[in-house]
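Let's take a friendly walk through two spots in a protein model. Please look at the sequence and the 3D view below before reading on.

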Amino acid sequence: MKLFLASAGLVCSTFFMAQTTVQDTIKSSSIEEVKIVAKKPTVETKVDRTVFNVAESSILAGNTTWEVLRMTPLVSIDSDDVIKSEGESVTVYINDRKSVFTGKELKEYLKSIPADNLMKIEVITNPSSRYETTGQVINIVLKKRDDEGIKGSVSMTNTQNRKNNQYSNLNVNYHKKNFTQTLVGSYNDNTNVSSSLNEIKEYKDNSYTEIHQNGMWRGKSPSVSSTSELELNDKNNIGVIVELYQNKSKSENASDAVKTVNDVLYNNYHLDQNQNWKYRVLSSNLFYKYYDKVKNKILDVNLGVNYNGQQTDRTFDKTQLIAPMSTNTKIFENNETRNYYLKLDYSQPLDSVGSSFEVGAKFNFNNNVIPSDYYGFLDQNNQPTNLHNRFKYTDNLNSVYANYSTKFFEKLDVRVGLRYEYITYKILQETDHLERKDSYGTFLPNALLKYTFTPNFNISTSYNYNLWRPWYSEFNPFELPNNDGTYSRGNMYLNPNPNHRFTFKVGVYKKYFLSASYYFTDQDYWTDYYRDGEKLVIFENNFDGKSKRYNFSLNTNQTFFKNKLNVNLTVGVNYSDNSDFNKRNNLDMKSYLTSFTASSNFSYTNLFNKNINVSGWVGAYQHNNGNSIGNNLNVFHNISITKIFPNNGIETSLQLNNIFLRPVFDRTSYSQVGTIRNVNNSDWYGAAFTITKRFGNQKVKENTKTDAEKNQGGGK
């Protein structure tokens, strides 16, 4: 409570500080009724972020936000649907608000947002202290309709890969005077087919296990999002955002495994798994924003409540072919997560030379419950084995931050920031009477410098200290079976991962950007495994030892044919030094790794002056992450052709995904007891056809107010 009162007082007192007037920058001029408007390039590289301006790009046609995110420069997505930037995990924001979704749930949610709603995607490689993140940030900025009346669009997409998939979306916007109401609804009906191979080698008994798995997943995902905003006057806005999302799915998996010891057959089994899964999200956010456009003073207050519920019903039928025996296992889970938060942000300029100050606080409460009921039956004596687990995790994470930006000699931009986070958490497993209570505070400093030698040449450097905390379910020690016959559990004694990151960037002619980064950590937690009798158990474990990563990349954005053709290219080299990490953890993997990354996208507008837009994207990535090493370079590609019928407000689009080469994810995880190689064939290929009907005036503007951090000082 003392922290809350002190932080609120700091924000409010800063809000009433005197301020020097800063005039808005004029972006267009008029000479004899001829208006000259500067068009933003598709990709802008700034000192702290790369901005993918997609609002006017043909790359949006027929895609969802998830697909466009795949095409964003610096971004890669691995086989587990983990989003990364420059090889590092990211935190996703939507309209400057942290997303309540993570992992595969985030993927499904972003697939429910049509790309037509996108204004831009910001890859913030050097986030300020404002962002509650453990690394880099991706901020997805959506459009805001500001013309009178009702307008919107309806679209339908049919995709054919190994199975047929359908997606439909409805956008409706109403604006009158000072009130805006936006309603977005979508429905997904997707079927995915997968196949994978696991190779498990264990040092102790010289055993080798090969597991082949085939599966099919079908999910239906309706979602509704409502945003209501009222402009009280030219400085004060209030609003409420409500999001409802559900994913109801079924999956069927079949696995066949063979284990040998010293090349002699030891075990052989077949496993069938069926799962019914229902995931529900209710997210609400009440916000108030004060914005003085003349003095550029911004106060943003957000109060939110989020609820996640996940019901799972899984059945496992296992037939062991050597020493024949059959087992049947049923698992019921009903996970619930409740989150409550209050967030305050305030910023203002301090003088006419570009100095600005930003301060804020967030008070965050989480209550998570994972009840699990495990029923196992043996056909030999029909004696049931019933286990009931009740896992609870609660935490209170409070934080305060401040950023200061200024300019020296009209050439040197400086931004320094400090964030302090204090967490208190409690873990309880009722079944085994296990309990852990802990609390700690952490200072997270960052700094950024940019020196502009000439309008066409500048250099910048930055430092960020971050802390990656385990996800609540990673603490749950209850052991449960996986689809392939292995088992998994959490670890109540996981420690957070502190890490340091330094960057250096050179910009030439505002078109060529060369960057280098250095990242290191002294300890982390990664996937580990051990043998429990005949069961192979996978879990998260603490790993000590220094791991160092170096990244070098070159980015350029070019336009041709009077800005009709836009091409963006990024190439990079990643180098990892895991020698100390491997030695201290007795890992038999390469100590020095070098991998290459590259991505390019292009868009051509109004081909042959026939309202035909063509866009394409290609990306090549090799995923190395901690003790998990990628064995191959994956190449993704996409081609899209869109025909616009302006008189009818209709667009049609044909997409071709990975038609020349299908992605195969191949990686090996190293542990003290052995290695696990996973080869997974992706279902992301085929063709998609989309038809969109628009109605009303389609004039748009950005959904976020001018942000002092983005337009002043080191944020430029």
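The report below visits a surface patch and then a single residue.

This is a predicted model, in which local features need pLDDT of at least 70, side-chain atom pairs count only at pLDDT 80 or more, and totals for chains, interfaces and linings use all residues. Residues are numbered from 1 along each chain as its sequence is written, and side-chain values use heavy atoms, with hydrogens and water left out.

**The surface patch**

Leu 183, Val 224, Val 240, Val 242, Leu 244, Leu 282, Leu 286 and Leu 303 together make a nonpolar surface patch of about 620 Å². Strands S15 (236-261) and S16 (264-292) each give at least two residues to the nonpolar patch, and S15 has the largest share, three residues. Strands here are DSSP runs of E, at least two residues long, numbered from the N terminus.

**Two residues side by side**

Is each residue buried (under 20% relative accessible area), exposed (over 50%) or partly exposed (in between), using a 1.4 Å probe and protein chains only?

| Residue | Strand | Relative accessible area |
|---|---|---|
| Val 242 | S15 | 32%, partly exposed |
| Asp 524 | S27 (residues 512-532) | 5%, buried |

**Around Asp 524**

Leaving out residues up to four places away in sequence, Asp 524 touches Asn 497, Asn 541, Asn 542 and Phe 543; contact means heavy atoms within 4.5 Å. The side chains of Asp 524 and Asn 497 are also joined by a polar contact of 3.0 Å. Such a contact is a pair of N or O atoms within 3.5 Å; within protein, one must be able to donate a hydrogen and the other to accept it, and residues adjacent in sequence count only if both atoms are side-chain atoms.

Technical notes. Patches are made of residues with over 30% relative accessible area and no salt bridge: like charges are joined within 9 Å, nonpolar side chains (Val, Leu, Ile, Met, Phe, Trp, Tyr) within 5 Å. Accessible areas come from the Shrake-Rupley method with a 1.4 Å probe; for residues, only the protein chains shown count as cover. A salt bridge is a side-chain nitrogen of Lys or Arg within 4 Å of a carboxyl oxygen of Asp or Glu. Helices (H or I, at least four residues) and strands (E, at least two) are DSSP runs, numbered from the N terminus.
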